[in-house]
Amino acid sequence: MDMSRIESVLTRIEPHLPPGAIVTDENERKTYECDGLAVHRTVPALVIRVTSTAEVGLTVRACHEFDVPFVARGSGTGLSGGAQPHAEGVLIVMSTMRDILDIDPAAQRAIVQPGVINLNLSNEANPDGYYFAPDPSSQSVCSIGGNVAENSGGAHCLKYGFTTNHVTGVTLVTAQGDIVDIGGQAPEYPGFDLLGVLCGSEGTLGIVTEVTVRLTRLPEAVETLLIGFESTDAAGEAVSDIISAGIMPAAIEMMDALAIEAAEKAVACNYPDGAGAVLVVELDGPAIDVDLERETVIARARDHGAGEVRVAVDDVERGLIWKGRKSAFAAVGRISPDYIVQDGVIPRSRLGPVLASISTIAEECGVRVANVFHAGDGNLHPLVLFDGSIEGQTELAETASGRILDLCLSEGGSITGEHGVGSDKAKFMPRMFTNEDLDTMQILRCAFDPDYLSNPGKVFPTPRLCGEPPRRTSGEHPLQAAGKAELF
Amino acid sequence: MSNAHRDGHSVAVYGGGTALDDHPPGETPGLLIDMSGLNRIIEHSPGDLILVAEAGATIADLKDVAESGAQELLSDFPADRVDSGSTLGGAIATRAVGPRRIGRLPLREVVLGVTVVLADGTIAKAGGKVVKNVAGYDLSKLMTGSWGTLGIIVSAAIRLYPKPETQGYVEIPGAEAALGVLGSQMAPAAVEIDRSPGAEATTVVMVEGLPESVESRTRQIIEAYPGAKVGIEPSWWARRAQAPVTIRASVSPALVPELVAQIARLEDAIGYPIQLRGSAMGVFDLGVGAPDMDPAIATRVVLEHLRTWDRKQLIATVLCAPPAVWNEVDAWGEIPGFALMATIKDQFDPNGLLSPGRGIGGL
Amino acid sequence: MSCDCGGAGGCQGGGTPSEATGQTPLEATMATGGQATMEMAPPTMDHSAFDVFNPPDPSLIADCVHCGFCLPACPTYQLWGNEEDSPRGRIYLMEKGLEDGPMSASMVEHFDACLGCMACVSACPSGVQYDKLIEATRGQVERNGKQHRSRGEVALREAIFQLFPYPDRLRTMLAPLKLYQRTGLSSVIRKSKILEKLSPTLATMEAIAPPVTKKVTIPATNPPRTAEGESLPVRSRVGMLLGCVQRTFYPQVNAATVRVLNMEGCEVVVPQSQGCCGALSVHAGRSEEGEDFARRIVDTFTSADVDYLVVNSAGCGSTMKEYADILADDPAYAQRAKELADKVRDVTEILVELGPSAPRHPVARGGLRVAYHDACHLSHAQGVRNPPRELLGQIPGVELAAIKDADTCCGSAGIYNLVRPEAARELGDKKATNIAATGADLVVTGNPGCLLQVTDALRRQGEATLPSAHTIELLDASLTGAGAGDLLAG
């Protein structure tokens, strides 16, 4: 490995950084080798912990000068390997840049540094009657910067939209190290939707170092219901019915029997015994609407054979109902040594047939699959359970995962609803998009990062040489030859 | 488009022709593409709350299709544009939005995916037809509001919404109440402020939903604000005010009352009529001048004044003006991120064929 | 120290069999019943940073799915935002240490920075037993990583462990400390580096400790009786641990504990010869030392023949409940250790288990707003959260105030506030701010270390007027009818 370029970067930035910002110790660097997806690991050549936009600009400028790739990392909870470092690159750690700079309830805005933890922002805004709406299950630890990079959703995005909908401005350090202000506090800015493009760009278009977010008024009333059903089919039909009754719940989540078992073991959430599936339904808004909607939801659920219907009486009970759902991923660690979590999307009306197909795939591959998902928008999280220590199981699990994603695509869905593509699903992109589609998206990359230094190797399996028209590539791609990319 | 690219012809796109007067006229195109024939409904799935249609389909037709499933389009569109035949592609390309934007998701979230034709004729799709999708870059957001300068939208998937049973309106004199309503827990669907030249501003709140809920919430709003009373949909609702020049101003919600007050004072100071109409969330159209007056100087003065505010709090650009005025005023001012936008335009359309001069900043 | 077979590993890390005895070093060590001493220099496993004695268990490490939910719960992550100083990062370093030695300075730094508060154990959805992992790792650092600690710190730790587990020595320090503090001797002695670190905290301890002259004797047997002194039938015969810091600096807490137990019908047996329970040693990774202390306690209390062993110090109770694990490898003690461990109860636990019988009197006219601070070794380590709250709620007129970020450590953490004073100070300040924000009249807690730390932090913030006490003292004030006057006077 050629370390001379890394050393040049280090020499350039060291005089301007405080002690403790630079991490070279091998053991310490190793703790950063993966995010929440531990199966993809790479030890970074150098780790820089930043606390200001200026420090980020300085580091990226140096990387640009010496042609060194860089990767930004928030809290390291991503599930697609988006923060997986580059072996010959710099990992820029943003979790130390974590101040809430301003909360302005009258303007319904907050200005935060990217390392601020999602839930902490909501907690700080609560006393003024506001919160930050995007609520991924990892919100107690994931960062706002990470939410921007992945365009995170969460259980409540059905009604409230994704992170893009809650960002009105950012400060961006471009891949060349320039500092650009985009947007601000006003709700709309003229021109191309740069914010819309940056949110969800997974760190490949530069690094965001400050975010102006839109805060949402806390609803007058919130009702959380836990409803047990005999089967996922029954629960799925109840969901369709609820939506066609004209109700837009704040969230509808479903878990199947296996997922319930895991959650029960982990957090003792006391979900209905013996249920084939549970729905967690949350309604929020003016009290009178919530009251009316609750009755409709219960009635429709009973139409489909709902067993127990539990309505949370206070915040504590509400928290416990959600705890089961939000711990589901990590909880399956208690019923299985290993697992792969998928993130496919299907049209919601196809839920029943798709779950049946997943069952079949699981049987054929000889693995178990627990299902947790956002029933309201068709975003599935099949958890493929396996034991990596048994020979062949890992391959079977990966085969099952791949087949599930193909299934989602064949239904007209997506390979990722909220976890992002990262390094984990880049190889599936050609199954969802044609070469022309992928090349077109990469035109954007050429506008932001023609030198391919900002989180390279993520999202797209084949990088595009900037300046060439979209076309099928043949032979070895020049970036492959330069050692910057790998063809899947 | 491939042919135009080969022969070096610039291209303009015609949907319903309802936004021709907005944005500078741009260069005379070599080729005009009429999209009205591309108007099929490709897929309608009420159960999944999505509608996929070709770009030439009119919004009016799409509304009818949605109604057949007891639903409506998730985004609100301006009534005057819809009445004049606005098409799906045009509405998306010009980011046309109606008053119900407080409770609803913005247009960029409503468009789930687009198929576009690029400057060299490549057909590419971005996004999809499912509500949740973060695979790849969100090019459908890039295309939304791009005024045809990055690609030609040929089809789009949009979200539908259960049609609310009924609406209720509350009229409140002045603009101060708007902030309170916006920050209340009444979950209004729209909060519009209208101020005719020389007159007091009026705030109109709209709530929608089940009859009991609408009745209860309108009552609560009336009780909270002195002078408030039950209203009906105003004649100006979802329609743009007529004036020679329209300035689009976007401002932080906290500063809305201040903006309204300043416009009134400015009007007095320069002796020119300025109409203000828009959403209390902070997006307003300012109509400058009257039919028999030359609006150029007044426009310049208003723009200069608005640009004394911090760009992070308020930004103002010219939306609509007579052709001569475009050259006489600084229509765009300093647009945050403009350099990046110019680079993007350059990458997507290196030969400058797509609607040259129609875009923001003259792109 | 690794074996020099060059990784052929045929011995499976136990070392090359001795030609004389035929045993591998590992076997030889284990044959002594785990009574190896430092002089025997335990063999490290091949290519590992750890030796063969209780290395962090790979199967426990494998439970970690890297989700990161532990990060916001961890006080050091809250302070610094660094992955290396989070439970996830520390587990990672353990895993790295298992694969690839030697133990590095960075490993030692981050292991030592861990408070051992176990908030991560409460937060982890996968059930990772971080408590077992860090305990094993601390022992490893003691044996294989000390060379990476500064000489000053090594000396400081030695001094601490020459002092704190020995109540007699603690008591003799009190008088000279008072002298040292009040006559200005401190400025002379401050030139010495060790005392520089010792002195601020010891000065605090001295400043808040009750006057040495007040002698409190606790007899060996204490029959149950009412507040008025009338005899009561025996509901249970319980032993009580006096503790080291507790009996020296808070003897009135022990007295109050005995009184309350008496008033609730318990005969309290207090073996006079009892020593340290070993908690500080066990938590610091000084495993042999801790095991020795544990054995003495097992001997002392087994012969006392009690139904329960009541503890009024969270740190001590938590370790004593682990005696079965700690002495599992000692055949002479394993069985008795388990039997005793099963009898251990925090004083609040046993009172709730037995059920209230003595009448509760109001403790202040007009009521009292009380903030209850969860000691980590009571809430996270023992899972005891409700019993103290239930007991406080039984006192008429007491209004319980919830402390924000209750699950975050106050920074006391055993000897942490002595060896990592800056970090401990920051955590103490946050805790003091949160306590003061409750508007409480009194803050109570169930651990002497916390009490010291919190009182000191409140004083530093100018909140000296907010009095602090042990939970049992307030209960005592209610059962005796004496009221909280003395406690509130500070």
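User: Which residue of strand 14 of chain A stands opposite Glu253(A)?

Analyst: This is a predicted model, in which local features need pLDDT of at least 70 and side-chain atom pairs pLDDT 80 or more, while totals for chains, interfaces and linings use all residues. Residues are numbered from 1 along each chain as its sequence is written, with chains lettered from A and ligands numbered from 1 in the order written. Strands are DSSP runs of E, at least two residues long, and helices are runs of H or I, at least four, both numbered from the N terminus. Opposite Glu253(A), in strand 14 of chain A, stands Val280(A).

User: Over how many bridges do strand 13 and strand 14 of chain A pair?

Analyst: Two strands pair if DSSP finds at least two bridges between them. Strand 13 (residues 251–256) and strand 14 (residues 277–285) of chain A are antiparallel, and the number of bridges is six.

User: Which residues have the most contacts inside the largest nonpolar core?

Analyst: Such a core is a set of buried Ala, Val, Leu, Ile, Met, Phe, Trp, Tyr and Cys residues joined through C-beta atoms within 7 Å; buried means that 20 or more other C-beta atoms, placed from the backbone, lie within 10 Å of a residue's own. The core has 341 residues, and those with the most contacts are Ile92(A), Leu279(A) and Leu383(A).

User: What distance separates the centres of domain 1 and domain 2 of chain A?

Analyst: Domain bounds come from an automatic or database assignment, which gives domain 1 (3–93) and domain 2 (101–217) among those of chain A. Taken over C-alpha atoms, the separation of their centres is 23 Å.

Notes. Buried ≥ 20, exposed ≤ 12 C-beta atoms within 10 Å, placed from the backbone.
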